Amino acid sequence: MVSAFFSVSIVEAAPSDKNCTSQDADAKKYCNDFMEKYGFFVTNPELKDLKSRHTLKSIEEFEADFWKKRDTDPNTSDNEFKILIDRRLLEIQTEILTVDFDIPGTLFSSTGGLKGDMAHVYLFYGMPHIKRRLSGNQYMADLMTWYYFDENGRVLFRFLFINKLGRVLLFDRHNFSFEYRLEALSMNINPTVYELQIILDYLFMRDPENLFYASVVEFSYYSDMTLSKALDPPDPISLIAERTKPLDFGQSNIPKDKEFIYGKFKSFIGANLAINGDKTNKISMELMVLYSGMDWEVIKDRGRGNFDLRISFQNKVTRAISEFEVRFSFEIDLAKIKANPDSYFRIELDDLKNYRNTNDPENPEGTLKDITASIEPGDYVVNIDLRDTYTRKYMSWQEHIIKK
Amino acid sequence: MRKILLLVILLIPWPCRAQTASISPPPDLSGWREVSRSRIEVVISESLNIYMGFDIEYVNPVNPNEFIRVITKHRPSIIKGRNAPNDRLISEVVLSRYAERDRAQMTEELFKEADPVICVKWRIKKDPRTGKEIQDGDIETWFRVNSGDWLFNKNQEIRVEFLTEHIDGKLNKNILLGRKYSFAGVYNIFKPSRSDIMLAMEAK
């Protein structure tokens, strides 16, 4: 069955459709020049942004940011990506393919210049790894194919250019029937089945490497790689890198609306721990904290300390673990804090509520005192971890106790 | 899970407890040249690393036979790597350059936010008999206690222990999490928050 559809290239709107501002003549010219050369790389959000800029300075700022986001090596002062693209632009403008060994006489200017499909592909991917031309006949158009391989040696792209009486189109019928694909190669609008067979025979005869036949059959070795994906403006690499940047889960989390007086240490809380036992084998714990050794949230004329505290008791013999966890705050007059920087204040821990195993803030599981009372007699390793809730400064202890 | 409580705090000044060694500040390192710098880190898995401090060696520019090693501590940074997008059009080489830049920036920020906690100073000389380098004089150590003061002693070793902790959830086992440096009866622990570790492990 021969269909009657015409081939239509699937590409982004041509650069000339992406209108620049008309409010300022210099800005308009600068923008148009920019779009002429680099329009294929401009993403839709960037285009929207560019169209909203009406001054030369604003467009220059856009361009600076445009290149910065695409720099392929942020560790050098050069913008390697811009250098690469400008070099390819120059090669297009100086018609580098005119003297090419494989496709001599090929001109970008005859295929739309900087706005044509050939320039589009060349700007994105540079010199093809394989390029071939095949002259047609009365039935089949002149063809040119460009192959690009990936680092695994597999065909990443097969771009097929069809030249019908000077009009060059990029083949894009990979998702259609084989007949419909062959029709794109035909010199006739409505080729007959017989003419399609002639085209096929001609390809087999004149294309012993099957490069052109393969270009009709398949765009890429990889089934998920399509023509439109290959020619869409790529996301700036810096944005991709940002999305894949490793996450830091230990970061401080200081709310912008809170004011702090920071302690004199950058990473740790200046504090001592005391674990006391009495004749009744009751264990009690307290902290002695240096006023200037911690960070204070300023609440009017008071300073608030915010801590996460975690304590575990592990029996050295049975390895049984009892755990305690709480987030707590306390306040002291700012004047006292400032007047006694090198003094300590005490925080008794025994009556702090335990939230280790509960998500219900209203129903803690006892207190620290309850845990120390409930553990069996024995030798214990006690790990204590004290951290500022916001700044993540910390102090850790590891002690050994014997409960009799 | 946790509740914020307001406590009444007893304002009792607490004097610094004297140690067996003397309390003395470490030497000023202005002008000393950095010879090497490495991270104090723990590798939990291929995609999860914990950075806790730096180990830096300096040489005295006036006396090239004199060295100081400084251990610094910063807030633990629990780094979870994310997979690069599975996209044939994205160059892994280029992404790795961005990763290198990000790592360098992060390292520099952590370095600025670190406190020195251990300083060890020593000198070397050439053994006249063998021609090899040998220790010259005492090894001087400054060790920071919890109050922030420095404890000083000579020729006393620093013991390093590796700390493990039980991690619930997917792992449900003890894993190596931190380090404990001990000196003259006091110690300094480098350790991340267990809840931060759990968050990192559960994050996709």
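**The largest core**

Start by selecting Ile269(A), Ala271(A), Leu287(A), Val289(A), Leu368(A) and Leu386(A): of the 68 residues in the largest nonpolar core, these touch the most other members. Now add strand 4 of chain B, residues 48-59. That strand gives the most to this core, with six residues. Keep in mind that you are looking at a predicted model.

Next, centre on Leu386(A). What is Leu386(A) in contact with, leaving aside its neighbours within four places in sequence? Pick out Ile269(A), Ala271(A) and Leu287(A), then Phe307(A) and Leu309(A), and finally Tyr394(A) and Met395(A). Ile269(A), Ala271(A) and Leu287(A) are also among the core residues that touch the most other members.

A second, separate core holds 45 residues. To find it, select Ala141(A), Phe159(A), Leu196(A) and Phe219(A), which it includes.

**Where the chains meet**

Show both chains and colour the contact. Chain A puts in 64 residues and chain B 54 residues. On chain A, several elements each supply at least two residues of the side that touches chain B. Helix 10 (237-243) is one of them. The strands are 5 (247-248), 7 (271-277), 8 (283-290), 11 (321-333), 12 (344-348), 13 (378-388) and 14 (394-403). Which element gives the largest share of this side? Select strand 11 of chain A: nine residues come from there. Colour the side of chain A by class and you get 30 nonpolar, 17 polar and 17 charged residues.

**Chain B alone**

Hide chain A. Chain B has two helices and twelve strands. Trace it from the N terminus: the elements run β-β-β-β-β-α-β-β-β-β-β-β-β-α. Of its 204 residues, 26% are buried. Take the contacts in chain B with a separation of 6 or more: residues 24 or more positions apart account for 57% of them.

**Ser312(A), on a strand**

Bring chain A back and go to strand 10, residues 302-315, where Ser312(A) has its place. Is Ser312(A) buried or exposed? It has 21 C-beta neighbours inside 10 Å, so Ser312(A) counts as buried; the cut-off is 20 or more. Draw a distance from its C-alpha atom to that of Val382(A): the two are separated by 5.6 Å, though they sit 70 residues apart along the chain. Then select Ile321(A), Glu323(A) and Asn383(A), the contacts of Ser312(A) once its neighbours within four places in sequence are left aside.

**Three helix pairs in chain A**

*Helices 1 and 3.* Select residues 25-38 for helix 1 and 56-70 for helix 3, both in chain A. Their axes come within 8 Å and cross at roughly 25 degrees. That makes helix 1 of chain A roughly parallel to helix 3 of chain A, because angles under 35 degrees count as such. Show side chains for Asp26(A), Ala27(A), Tyr30(A), Cys31(A) and Phe34(A) on helix 1; they meet Leu56(A), Ile59(A) and Glu63(A) on helix 3. By class, this contact has six nonpolar, no polar and two charged residues.

*Helices 4 and 5.* Move to residues 80-93 and 117-125 of chain A. These helices pack at an angle of about 145 degrees, with their axes 9 Å apart. The crossing is right-handed. From helix 4, pick Ile85(A), Arg88(A) and Ile92(A); from helix 5, pick Ala119(A), Tyr122(A) and Leu123(A), which they meet. Five of the residues in this contact are nonpolar, none polar and one charged.

*Helices 6 and 7.* Now take residues 178-185 and 193-206 of chain A. The axes come within 10 Å and cross at roughly 80 degrees. Helix 6 of chain A is therefore roughly perpendicular to helix 7 of chain A. Glu179(A), Leu182(A), Glu183(A) and Leu185(A) in helix 6 meet Leu196(A), Ile199(A) and Leu200(A) in helix 7. This contact divides into five nonpolar, no polar and two charged residues. Leu196(A) also belongs to the second core.

**Two loop stops**

Go to the loop between helix 4 and helix 5 of chain A and select Glu95(A). Its phi is positive, about 50 degrees, although Glu95(A) is not a glycine. With 15 C-beta neighbours inside 10 Å, Glu95(A) counts as partly exposed.

Finish at Lys300(A), in the loop between strand 9 (296-299) and strand 10 of chain A. Lys300(A) has a positive phi too, near 55 degrees. Lys300(A) is exposed, with 7 other C-beta atoms within 10 Å.

Methods
Residues numbered from 1 in each chain as written. Chains lettered and ligands numbered in written order. Axes fitted to C-alpha atoms, helices over the stretch in contact; angles between N-to-C directions. Helix = DSSP H or I, 4+ residues; strand = E, 2+ residues; numbered from the N terminus. Parallel < 35°, antiparallel > 145°, perpendicular 65-115°, else oblique. Contact = placed C-beta atoms within 7 Å. Nonpolar A, V, L, I, M, F, W, Y, C, P; charged D, E, K, R; others polar. Left-handed = near helix turned anticlockwise from the far one by under 90°. Core = buried A, V, L, I, M, F, W, Y, C linked by C-beta atoms within 7 Å. Buried ≥ 20, exposed ≤ 12 C-beta atoms within 10 Å, placed from the backbone.
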